[in-house]
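User: Could you walk me through how to read a structure like this one? I'd like the general idea behind each feature, then the case at hand.

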Amino acid sequence: MLRMVGILLLMTGCIGLGYHTVSEEKQRIRELREIRHMMLRIQSEMTYGKRTLPEICNLLAENGEEPYRTIFRRIFQKAEENDGATLERIWMEEMENGLRNLPLKREEKTILKNLSGCNGIADENMQAAGVGQSLDVLTRQIDRAETEYENKSRVIMSISVTAGLFLSILLL
Amino acid sequence: MSKEEILHIFPDFMREKWKQAAAYAQQLQEIRLRVGQPVTVLLNNQEWFLSQDGGWTKNIAEASYSSEKELEAVLAHVCHYSLYAFADEIRQGFLTIPGGHRIGLSGQVILENRNTVRNIKHIRYLNIRIAHEIKGVSDQALPYLYRGDEVLNTLIISPPGCGKTTMLRDLVRNFSNGSIYGRGRNVGLVDERSEIAGSFLGVAQNDIGIRTDVMDSCPKQEGMMMLIRSMAPDILAVDELGNLGDVEAMCQAVPCGCRMLATIHGGSLEEVSRKSYMQDVIKEAVFDRYLLLGKKNNKCIIKGIFDEERKLCSGWSESCC
């Protein structure tokens with residue numbers, strides 16, 4: 001009886017670990033899609049709304065999901081305080097803190113972090129084109145992540161079940 | 001006008017240098033930054049250099065110089081790091097910032113179709129004009145601008161630098177809020193150069209009254225018609241009638257039941273009458289009152305208020321404003 005409980009726990013643990021890895025990958029894709037959605041919003045607010053970056057941050061803070069809502073609210077608030085810090089510095093700091101716990105790769109976080117770096121263009125279309133370039137990189141990253149997810153999820157789940165079985169046999 | 005308002009114009013690495021100077025915010029009229037040239041400021045109508053330790057000096061050897069990096073940082077900072085959002089203002093050569101202060105820009109112009117300014121690149125000269133809103137300058141003229149409860153069509157005539165825009169702003173505020181001479185009216189203000197309301201991101205930075213609607217950065221002709229169609233103003237206010245188009249748009253507004261409040265460049269009523277586009281307007285007495293501004297002992301004054309027949313209004317005597 002105890003052996004059976006042990007095997008059951010072991011299998012649950014292994015499958016759970018596999019499921020966690022797969023869902024983290026799924027969460028990553030969800031986050032990337034959310035970031036793409038926000039970047040599209042930034043682009044359209046630049047071209048059609050001709051809003052400043054702090055104003056756009058305020059809009060994203062009102063309509064966005066967590067943790068982006070908090071990140072953009074803090075950027076807007078700090079920019080409004082006008083203590084002299086550049087928006088690039090505020091943006092980098094807040095992104096660094098806010099994105100820390102998200103299941104994103106370093107290069108994916110960098111896309112969003114670097115977005116405020118190219119803000120010196122005096123033409124809204126050119127400025128939006130700059131965001132568009134980051135958007136292209138992000139879209140490629142999403143495609144890659146989706147393909148990886150499809151391939152990996154089955155493999156990970158198979159490995160976790162096999163590993164569970166293997167460990168059970170080994171411990172018997 | 002506070003010390004903070006001046007400091008807020010500059011990014012953090014420049015604030016230390018301007019801290020001492022910002023304490024004179026009330027007297028500060030103008031700050032000029034030119035790449036590679038000493039920083040000059042206009043303080044109580046006197047030109048000074050900003051010294052390296054942040055004070056004022058008349059000695060150019062002690063002056064602080066502006067660098068390219070500093071100018072670009074100031075421009076980026078006042079544009080909220082979003083130059084694209086201010087492209088139209090930059091094209092016109094000036095920006096209005098919170099507090100109603102104006103920053104004139106100069107650099108290399110990029111042309112479109114050979115004669116239209118598409119943009120300004122390599123902005124290397126900034127002229128920061130500090131706005132000092134003066135309230136009450138029109139109080140003495142106010143009783144002459146009503147007939148009963150009715151506001152009269154008024155033209156403010158003034159040479160440059162005699163307070164034409166200040167007078168217009170104060171009249172707009174008075175007509176809008178109402179006074180002992182008449183109730184408050186809905187005023188439609190076409191602020192082509194953001195000088196009157198000093199709007200920043202659409203919000204008026206100067207006190208222009210509680211019943212004033214502003215069409216900011218809009219050409220006068222379009223602005224007047226848009227306001228009439230959309231906001232039903234009792235009074236339409238515009239700055240600097242400068243061509244026949246402006247006058248024609250104004251003449252279309254008057255039959256719509258709007259009262260006109262406008263300004264024009266000129267040293268006298270005769271000088272204005274000689275302007276080709278103003279001849280018919282004056283002959284047909286579209287304006288009921290002409291408010292003539294000038295200077296006396298370096299002070300801006302109302303030199304006279306004239307009626308539709310161009311006669312001095314009875315009871316009026318020259319006064320300081």
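Analyst: Happy to! Buried residues make up 42% of the 321 residues in chain B; buried means that 20 or more other C-beta atoms, placed from the backbone, lie within 10 Å of a residue's own. This is a predicted model, where local features need pLDDT of at least 70 and side-chain atom pairs count only at pLDDT 80 or more, while totals for chains, interfaces and linings use all residues. Residues are numbered from 1 along each chain as its sequence is written, and chains are lettered from A in the order in which they are written.

User: How does the radius of gyration of chain B agree with a compact globule?

Analyst: The radius is taken over C-alpha atoms, and the globule rule is 2.2 Å times the number of residues to the power 0.38. For 321 residues that gives a value near 20 Å, so the 21 Å of chain B agrees. Its C-alpha atoms fill a box of roughly 60 × 45 × 35 Å along the principal axes.

User: And how many residues of chain A are in contact with chain B?

Analyst: The size of an interface is often given as the accessible area lost when the parts come together. Here we count contacts, meaning C-beta atoms, placed from the backbone, within 7 Å: 21 residues of chain A touch 15 residues of chain B. Helices H2 (53-63), H4 (87-98) and H6 of chain A each give two or more residues to that side of chain A; helices are DSSP runs of H or I with at least four residues, numbered from the N terminus.

Conventions
A residue is buried if 20 or more other C-beta atoms lie within 10 Å of its own, exposed if 12 or fewer, and partly exposed in between; C-beta atoms are placed from the backbone. Two residues are in contact if their C-beta atoms, placed from the backbone, lie within 7 Å.
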